[in-house]
Amino acid sequence: MGILRSDRVSGLGGANAINGSVFFGNGNAGTSYDSLKTETSSDFIMGTGDFTLEGWFYLGNVTKSWQALIGDTLYGDTGGWTFYVSTNTLYFYKGGASVVNGGTVTANTWHHLAFSRASGSNRLFIDGTVAATASDSTNYTHNVLSVGANNVDKGMLGAYGFDGYASNVRVTKGTALYTAAFTPPITRLEKRSDTVLLCCQSPGNAEQEATGKIIKARGKATASRFVPDKGEDYGTTFTDNTKFDTLSYMVPPGGTTTESNRGRGTFSGGYTPSPTNTNLASIDYVQIQSLGNSIDFGDLTQGRYGGGSGASSTRGLQIGGRVSSTRVNTIDYITFATTSNATDFGDLLAINAYVHGASSNTRALNMGGGTPAVTDTIEYVTIASTGNGTDFGNLTDARGGAPAVASPTRACCMGGYDGSSWINIIDYVTIATTGNATDFGDLSSAFGYGGGLSSNTRGIMGGGARGSGEINDIVYITIATTGNASDFGDLYEAREHTSSTSNSIRGIWGGGVTPTYYNNIQYVTISTTGNANDFGDFIVDASKAYSMSTSDSHGGIS
């Protein structure tokens, strides 16, 4: 049994935990960069004196050039400066030239990045190690700072946008805090007497600033709970399903801290009409528990769309689909914790597309599909291994485009299209066994080609199409029972072929077609009812539909 220490409840790092960041999507177009911009203040005029810049930064892409982390708003003009990353190298830049550059920044990794100037000696630090040094005493004269982009005073939101997250960004004036190698701070940074800016610390307010200055979020700069985890005592943690049977004492939540913090969702492949009729190979990911735009993960073994998916807490599978007009039997896999290209897993028993997948932490099921004729076949694979699909059984009706949802024990297949008409059938199977599906109940009306997602108790289907066209309906079922679906709310546009995934708390849908192709992502809280809310956008591809999507924390796992 895990032990709950009273000092962990009271403090010892808990109150000082790193618990907030700001997400900067950036880079979609010349006028759509995200940034934070301060008010005008003489505090930001560094002159020729000492100063320090630091923060935790997580870059989703280090192949891009000129990603501004912190700077004033003049950039290339005399008296201006910027602290930035360009093609994985850390730089400090003054108007017209680089002052100092060096070191290597890794994508999809939290790094503590810092710059200091001490009596004209300029130093860059990556994770506390000196990355480069140079001498320069330029007079810096501007009085506005920005985080996440630059050129924010020049008639647009900004330029040279930062693609990723920033946490605990601090600027000190008059002091060079770091002049040699140091151990990066692993708790929440505090305001010092020489601090002139301290931001990106709140999980709920992107405009929070600790020195009392006004700071404005621009574009889609969004507060997030995605933060560096460096192993410090961040407050109460649990290593098992500890509970207290008392009348008056605190009852901790079930599950471990690690399980509560999981939440990486991936969107693999898809189709977009621009550029011309492209079968996409890109894999995007998001942190489901936060808000923000997608980040590049890697690529599939082949560009395709309309496949199924499944996942354990460590590995995600992308199954079948179409390459232009050709169906395929390809199965790929990725490891959620590591951004990289997909790896070959094996093959389905037959080519298949418009198939929907559901999974426990052990097994992934593919249910129905079009081969191109609709099928009632269910196949399964064991996620932790590699190999070809195995026959599981059959649905009660042959159909494709039937979203699937799952608890750790049961998978349900909802609605779909049987080749001539939309249907309202809901089937279920027990994942750990094999056998044919059993009738669960009915949708309120016949439709298919929506996106299915779930917690461990509730399955939700959002969007889709019926005879009258695309719909924005969201409906739900309680997976452990049987019965008809109930109304949940609405997506904010009608669409079909949207992609969907979840953790145990939040469900998200991304992309889709009406026939307009969308790049927005929206979310709901699974345990409630209501309409969807804005989450962010796909940024690897401008718009897409038919993606294969899953997560490390969906309802079949949690």
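These are my notebook entries on a predicted model, from the whole chain down to a few strands and residues.

**Ground rules.** I number residues from 1 along each chain as its sequence is written, and my side-chain values use heavy atoms, with hydrogens and water left out. Since this is a predicted model, local features need pLDDT of at least 70 and side-chain atom pairs count only at pLDDT 80 or more, while totals for chains, interfaces and linings use all residues.

**Whole chain.** I started with the secondary structure, which comes to two helices and 39 strands. Helices (H or I, at least four residues) and strands (E, at least two) are DSSP runs, numbered from the N terminus. Of the 558 residues, 59% count as buried; buried means under 20% relative accessible area, exposed over 50%, and partly exposed in between (1.4 Å probe, protein chains only). The accessible surface comes to about 20,100 Å², and 46% of that belongs to carbon and sulfur atoms. That area comes from the Shrake-Rupley method with a 1.4 Å probe, and for residues only the protein chains shown count as cover. I then looked at contacts, meaning heavy atoms within 4.5 Å. Among those between residues at least 6 apart in sequence, 60% join residues at least 24 apart.

**Cavities.** Next I searched for enclosed space. A cavity is a set of points, on a 1 Å grid over the protein atoms alone, where a 1.4 Å probe fits but cannot get out; lining residues have an atom within 4 Å of a point. Grid points are joined across faces, edges and corners, and a volume is the space filled by probe spheres set on the points. I found three cavities of 30 Å³ or more, and the largest holds about 440 Å³ of space. Its lining has 35 residues, with Ser 309, His 356, Gly 452, Ser 500 and Ser 549 nearest the centre. The elements giving two or more residues to this lining include strand E19 (308–311), strand E31 (451–454) and strand E35 (499–502). By class I noted eleven nonpolar, 24 polar and no charged residues. Here Ala, Val, Leu, Ile, Met, Phe, Trp, Tyr, Cys and Pro count as nonpolar, Asp, Glu, Lys and Arg as charged, and the others, Gly among them, as polar.

**Strand E35.** I stayed with E35 and checked both faces: Ser 499 and Thr 501 on one side, and Ser 500 and Ser 502 on the other, are all buried. E35 pairs antiparallel with strand E36 (residues 506–510) over four bridges; two strands pair if DSSP finds at least two bridges between them. The two form a hairpin with three residues between them, and Thr 501 has Ile 508 as its bridge partner.

**Strand E17.** In strand E17 (residues 278–287), I see that eight of the ten residues are buried. Strand E16 (residues 264–272) runs antiparallel to E17, joined by eight bridges, with Ser 268 opposite Ile 283. Their hairpin has five residues between the strands, and Asn 277 in the turn has a positive phi of about 45 degrees. E17 is also joined to strand E18 (residues 295–299), antiparallel, by four bridges.

**Ser 324.** I found Ser 324 in the loop between strands E20 (315–323) and E21 (326–335). Ser 324 is partly exposed at 41% relative accessible area. Beyond four places in sequence, Ser 324 contacts Asn 279 and Tyr 305.

**Val 100.** Last, I looked up Val 100 in strand E7 (residues 97–102). Val 100 is buried, at 3% relative accessible area. Leaving out residues up to four places away, its contacts include Leu 90, Phe 92, Phe 115 and Leu 124.

Key
1 Å grid on protein atoms, 1.4 Å probe; cavity = no way out; pocket = protein on both sides within 12 Å on 5 of 7 lines; lining within 4 Å.
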